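Open the model in your viewer and keep the selection panel at hand. The stops below go from a strand pairing to a loop residue.

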Amino acid sequence: MTSVKFLSVAAAAALAATAAFAAPPVKEVESAKGKVLAGENGMTLYTFKKDAKGVSNCNGDCAKNWPPLMAASDAKADGAYSIIERKDGKKQWAKDGMPLYYWVKDKKAGDVTGDGVGGNWDVAKP
């Protein structure tokens, strides 16, 4: 009986760990622009005005400057957060259908130096 209880607890823990791993790796942080979305590393996330819902139009050199918030192969959509497929077949997180990106010139958590760049980039809001 003890081994059955142990296995049940171990299975529940494994399931909880898997669910936590697959959740969107996004949190809210304070910035000069108020509360913004950030990756797990605290770095601000952005949306691109040239994207469409469910479609990333930032590839190649664009993606070098604006790295996508990549999704693990086992990640699952959750509420406002969905997963899109990029042109290269990789997965990317999106909020309300709009793909999420980092900006290479942000240096520390809460930086928002990418907001308004080229008139095409906006901080992602909670």
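Select K95 and M98: M98, in β6, is the bridge partner of K95. This is a predicted model, in which local features need pLDDT of at least 70, side-chain atom pairs count only at pLDDT 80 or more, and totals for chains, interfaces and linings use all residues. Residues are numbered from 1 along each chain as its sequence is written, and side-chain values use heavy atoms, with hydrogens and water left out.

Next, show β5 with β6; the two pair in the antiparallel sense over two bridges. Strands here are DSSP runs of E with at least two residues, and helices are runs of H or I with at least four, numbered from the N terminus. Two strands pair if DSSP finds at least two bridges between them.

Stay on K95 and look across to β4: Y81 stands opposite K95. Strands β4 (residues 81-85) and β5 (residues 91-95) run antiparallel and are joined by five bridges. They form a hairpin with five residues between them, and G89 in the turn has a positive phi of about 90 degrees.

Now display the whole open sheet, three strands in the order β4-β5-β6 with antiparallel pairing. β4 and β6 (98-99) are at the edges with a single partner strand each, so one side of each has no neighbour in the sheet.

From M98, move to D51, 7.0 Å away C-alpha to C-alpha but 47 residues apart in sequence. D51 lies in the loop between β3 (46-48) and α2 (61-65). Is D51 buried or exposed? D51 is buried (under 20% relative accessible area, exposed being over 50% and partly exposed in between; 1.4 Å probe, protein chains only), because its relative accessible area is 8%.
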